[in-house]
Amino acid sequence: MRAATRWIGMIVASGLAILMALALSIQPVVAPPPALAQGLTRLRTGLLSSASDAGFFIAMDQGYFREVGIELDITPFDSAANMVAPLGTGQLDLGGGSHSAGLYNAIARGVGIKLVADKGSSLPGFGFQGLLFRRDLAEAGTLRTPADLRGRRISVPAQGITPEAALGRWLQREGLSLDDVNIVLLNFADHPQALATGAIDASVTIEPFLTRALDIGAATLYQRTDELLPGYQIAEVLYSQQFINEQPDAARRFMIAYLRGVRFYNDAYVKGDAAKRQQVVESLTRHTPVKDAALYDRMAMPGLNPDGRMSINSLADDQEFWLARGVQQQRIDMSQLVDTQFIEAAVQVLGPYE
């Protein structure tokens with residue numbers, strides 16, 4: 001009897017082992033690597049905590065980073081320009097920022113930073129940046145098109161950044177240039193009040209500050225960037241060259257998790273998955289300063305390419321604009337700026353987004 005019991009026990013144990021082996025064999029390709037048992041790889045990350053960081057926050061909250069053995073050690077920044085030095089020296093492994101004349105100048109000097117994935121672009125229907133006119137001037141017919149901006153006070157946050165480049169394009173279409181207007185440098189958060197008080201006449205503003213300016217009656221919207229420049233590249237994921245050289249496996253694992261987060265976002269906002277949209281809003285209200293969940297139903301959201309692809313033509317066009325303006329001193333080759341190997345490797349693992 002005891003021998004029979006032992007024999008039955010051996011069969012049950014063998015069956016359980018087979019079931020466990022089968023379960024392991026059908027795990028997704030993004031399952032935790034063996035190194036996870038020894039602890040997570042901590043990546044020093046700089047973020048602006050904006051809506052275009054959604055891919056980071058979703059991947060964190062959905063557990064995608066943890067599944068590939070990654071943990072983000074986040075340092076908040078108030079400007080992408082302030083990330084350049086710590087990325088260049090390897091104090092940060094990666095960041096969520098934006099290309100600029102300053103970044104191009106740093107790369108021309110040999111600073112080791114690469115743009116590795118899209119983090120915000122004006123895909124059609126995702127114009128999260130726009131040109132605002134002061135409401136009283138627009139209603140009086142004084143400001144109708146960018147042609148009426150000659151001599152007017154227009155606000156952007158800084159020189160040599162994408163909002164200024166977009167403003168330059170709006171003006172060029174009307175035969176004007178930035179030299180024909182008075183640029184007032186103000187943070188995006190200050191645009192609504194400056195428009196309300198008449199301190200400025202127009203601004204190039206991103207969400208949610210664009211919608212806030214409209215809500216308080218300070219401005220009217222002339223046009224969004226996705227109408228001006230469809231697909232315009234605004235923000236990117238940046239890797240330090242030191243991170244690429246010293247932790248290439250972690251760099252690849254990060255990108256797999258990040259693109260899973262971006263695809264979750266596209267499921268919500270492109271495919272219309274209401275449940276996922278609710279989860280995206282929860283992540284954004286948890287991790288960004290915009291805590292009003294209802295605001296996400298009214299504002300335009302950033303476009304996030306589900307395969308991480310960036311518009312190289314857009315990046316090159318901005319270089320030409322900044323060179324002509326004299327804020328970029330030396331031309332760089334796009335291969336010095338962009339490294340697509342990580343999104344290509346991630347898409348090989350995940351497959352193209354459908």
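Two strands are said to pair if DSSP finds at least two bridges between them. With that in hand, we can start at one such pair in this predicted model: Arg44 stands opposite Asp73 in strand E2.

**The open sheet**

Arg44 belongs to strand E1 (residues 41–47), which is joined to E2 by seven bridges, the two strands running parallel. On to strand E3 (residues 94–97): E1 is linked to E3 by two bridges, and this pair is parallel too. Here Gly46 has Gly95 of E3 as its bridge partner. Further across the sheet, strand E10 (residues 232–240) runs antiparallel to E4, with eight bridges between them. In that pairing, Ser122 faces Tyr232 of E10.

The three pairings can be set side by side:

| Strand pair | Bridges | Direction |
|---|---|---|
| E1 and E2 | seven | parallel |
| E1 and E3 | two | parallel |
| E4 and E10 | eight | antiparallel |

Put together, the strands form an open sheet of five, in the order E2-E1-E3-E10-E4, with mixed pairing. At its edges are strand E2 (70–76) and strand E4 (113–122), each of which pairs on one side only. On average, neighbouring strands of this sheet are turned by 25 degrees against each other, direction ignored.

**An enclosed helix**

Is helix H5 (residues 101–108) enclosed or open to the surroundings? A residue counts as buried under 20% relative accessible area. Six of the eight residues of H5 are buried, so the helix is largely enclosed by the rest of the structure. Those buried residues are Ala101, Leu103, Tyr104, Asn105, Ala106 and Ile107. They pack against two strands of the sheet, E4 and E10, and also against helix H4 (84–88), helix H14 (312–325) and helix H15 (334–337). After H5 comes Gly110, with a positive phi near 95 degrees.

**The nonpolar cores**

The largest nonpolar core holds 47 residues, and Phe56, Tyr239, Phe254, Met255, Tyr258 and Tyr269 touch the most other members. Helix H12 (residues 248–269) gives the most to this core, with 13 residues. If you would like to look at one member up close, try Met255: leaving aside neighbours within four places in sequence, Met255 contacts Val116, Ala117, Tyr239, Phe342, Ile343 and Ala346. Apart from this core lies another, of 43 residues, which includes Ala101, Phe133, Val181 and Met334.

**A residue at the surface**

Arg144 sits in the loop between helix H6 (135–139) and strand E6 (153–156). Its relative accessibility is 59%, and residues over 50% count as exposed, so Arg144 is classed as exposed. What does Arg144 touch, not counting residues up to four places away in sequence? The residues are Phe133 and Tyr222. Arg144 and Tyr222 are 78 residues apart along the chain, and their C-alpha atoms are separated by 7.9 Å. The side chain of Arg144 also reaches the backbone oxygen of Gly141, at 3.4 Å.

**The whole protein**

Stepping back, the protein has 16 helices and ten strands. Of its 354 residues, 50% count as buried. The accessible surface comes to about 15,700 Å², and 52% of it belongs to carbon and sulfur atoms. Among contacts between residues at least 6 apart in sequence, 79% join residues at least 24 apart.

Notes. Residues numbered from 1 in each chain as written. Predicted model: local features only at pLDDT ≥ 70, side-chain atom pairs only at ≥ 80, totals over all residues. Heavy atoms only, no water. Core = buried A, V, L, I, M, F, W, Y, C linked by side-chain atoms within 4.5 Å. Buried < 20%, exposed > 50% of the residue type's maximum accessible area, 1.4 Å probe, protein only. Helix = DSSP H or I, 4+ residues; strand = E, 2+ residues; numbered from the N terminus. Contact = heavy atoms within 4.5 Å. Areas by Shrake-Rupley, 256 points an atom, 1.4 Å probe, with all protein chains shown as cover. Axes fitted to C-alpha atoms, helices over the stretch in contact; angles between N-to-C directions. Polar contact = N/O pair within 3.5 Å; in protein donor to acceptor, adjacent residues only side chain to side chain.
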